[in-house]
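The following note was prepared for a colleague who wished to review the helix packing, the nonpolar cores and the backbone geometry of this model. The points are numbered for ease of reply.

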Amino acid sequence: PPDAPSVVRLSVNSNTSLQVDFHEPVCVNSAVVTKYKVSWSSSPSFSPMLGEIIVDDTTSPQCNITGLTSGAYYYVQVSAYNMKGWGPPKVSIPACAAPSSWRDIDGHPPRLRGQKEALDQLLGQIKEAHRHCACHEQCKAPTQGRKHSVSKSLRHLFQLTSKFVKSLKRGLYLTSIFYRDDNVLVTPEDQIPIVEIEDSYSSTLMQDFLWFTKVSYLWEEISWLQQCLSPSQSSCSCTLQTRLKMLQAVSQLQGMLGTQDLGQVYFEPIKDKHGNALVVLLKDMNACPNLDGVRWTQLCKLQLQRKSISSPEEPTALDILLITLHEKLAYHRRSRKLLSPGLYLGYLKLCTSVEQIRVLVPQKLPNILCHTKIRDNSNMSREEWQWLQALSCLDEALEMDQDVQSAPHRLLNDLRSAIKDLMAQINVPGNQ
């Protein structure tokens, strides 16, 4: 029979489960190990035995023991099997552990529990209140703008060309880039779909842009938001007029592209020296259903076509967009990646101004704070959390915990190396 597994590590997975990781025996005595047996007990003598699991997958030597009692200590051992029989058991390091979670002490429920429901309920309440509001009655009544919109729509009937903008002529514009691999959705004239928001933009564009970023999470509610803002169109507030025009441009783009979801806002508008500003939306169509009657073209073809008609000395916002579109698409793909499960060390660095808060993020994952992985097990046990809360600096940690096999000591070592990695990533000198 084989020797005992070379290493058996025990860690706390949740307040009802433990995780056991083990390595194959150093000596298998000339017969391949085909399975492992994980046994657990509430006694160090393993009598009585509370249960056992057979692990047949030798390529992934680990196992979760579930359904345990929170706070009770369990002893674990693992033995290996080959065609000659079972080898001797190896006791885990540490020899025992109690299922627990830092939440047992902290007492806080998970952060995201019920948040979406609460937000949906708030939106419902606002809509309900707005339905009986005087301003809602005003926007139902015919306004003077009605004649203007009718004459505008009649004018469009006699125009052969589409409503999409082909070239920018000083103003604020909106574009939505739908992409599938390296192909981009284009208009019948082989242009990126662009609509005009207004023929100029103010110095407070950043505030309107940040507001628009929030609106992009409510694509289905655009017509309702327009109704909310319509009564204020006659007011003298330039900000509200700009925001209403933004909603009208969105509504126009949704109608012409035949979809409500226009994608995610790129984190900054593109400005040029000609007085143009372009707000860019990006949407990955790989997992989306096909749109009817649309044209796709290769991005490189679109860039070459634009190069032949643009002036490189003074590029417009549209030229800048096409030149940098590869980078923007790569950024958008990166910003939708998720981290693999695990326990992470994060670093929050803020830069605040009057109108916005900016945070430091890694180049590769711009949707997540600077971070490094401490370990694969995402749970922190009660014992580890109490130890960590009692720390004031890492130097005193060694005095606090002399037992090199204990969970806090292993966490300390993992934490030290994670801090070292993270400080190197964000260029923080060691003495800080």
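1. Helix H5 passes helix H7 in a right-handed crossing, in what is a predicted model. H5 spans residues 205-215 and H7 spans residues 238-257; their axes come within 11 Å and cross at roughly 40°. That angle makes H5 oblique to H7, because oblique is the class left for angles that are neither under 35 degrees, nor over 145, nor from 65 to 115.

2. The contact between the two helices draws on both sides as follows. H5 contributes Gln207, Asp208, Phe209, Trp211, Phe212 and Val215. H7 contributes Thr239, Thr242, Arg243, Met246, Leu247 and Val250. By class, the residues of this contact divide into seven nonpolar, three polar and two charged.

3. Which residues of the largest nonpolar core touch the most other members? They are Leu174, Phe212 and Leu262, in a core of 31 residues. Two or more residues are given to this core by each of strand S9 (171-180), strand S11 (194-198), H5, helix H6 (222-229), H7 and strand S14 (276-284). H7 gives the most, with seven residues.

4. Phe212 deserves separate mention, as it belongs both to the contact of H5 with H7 and to the largest nonpolar core. With neighbours within four places in sequence left aside, Phe212 is in contact with Leu174, Trp219, Met246, Val250, Val265, Val279 and Leu281. Of these partners, Met246 and Val250 are among the residues that H7 brings to its contact with H5. A second core, separate from the one above, has 22 residues, including Tyr173, Ile194, Leu302 and Leu329.

5. Helix H6 should be read together with the helices around it. Its buried residues are Ile222, Trp224, Leu225, Gln226 and Leu229. The cover over these residues includes helix H2 (115-131), H5 and H7.

6. Is Gln77, a residue of strand S6 (residues 74-82), buried or exposed? Gln77 is buried: its relative accessible area is 13%, and the cut-off for buried is under 20%. Residues up to four places away in sequence not being counted, Gln77 touches Lys37, Val38, Ser39, Phe46, Met49, Pro89, Lys90 and Val91.

7. One of the residues touched by Gln77 is Phe46, which has a positive phi of about 60° although it is not a glycine. Phe46 is placed in the loop between S3 and S4. Phe46 is also buried, with a relative accessible area of 12%.

8. That loop, between strand S3 (35-41) and strand S4 (49-55), also holds Pro48. The peptide bond from Ser47 to Pro48 is cis, with omega near 0°. Another cis peptide bond joins Ile93 and Pro94, where omega is about -10°. Pro94 is found in strand S8 (residues 90-97), whereas Pro48 lies in a loop.

9. Asn427 is a further residue other than glycine with a positive phi, here near 55°. Asn427 is placed in the segment after helix H13 (407-425). Its surroundings contrast with those of Phe46: Asn427 is exposed, with a relative accessible area of 67%, while Phe46 is buried at 12%.

Terms used:
Residues are numbered from 1 along each chain as its sequence is written. This is a predicted model: local features need pLDDT of at least 70, side-chain atom pairs count only at pLDDT 80 or more; totals for chains, interfaces and linings use all residues. Side-chain values use heavy atoms; hydrogens and water are left out. Axes are lines fitted to C-alpha atoms, for helices over the stretch in contact, and angles run from 0 to 180 degrees between N-to-C directions. Helices (H or I, at least four residues) and strands (E, at least two) are DSSP runs, numbered from the N terminus. A crossing is left-handed if the near helix is turned anticlockwise from the far one by less than a right angle, and right-handed if clockwise. Contact means heavy atoms within 4.5 Å. Ala, Val, Leu, Ile, Met, Phe, Trp, Tyr, Cys and Pro count as nonpolar, Asp, Glu, Lys and Arg as charged, and the others, Gly among them, as polar. A nonpolar core is a set of buried Ala, Val, Leu, Ile, Met, Phe, Trp, Tyr and Cys residues joined through side-chain atoms within 4.5 Å. Buried means under 20% relative accessible area, exposed over 50%, partly exposed in between (1.4 Å probe, protein chains only).
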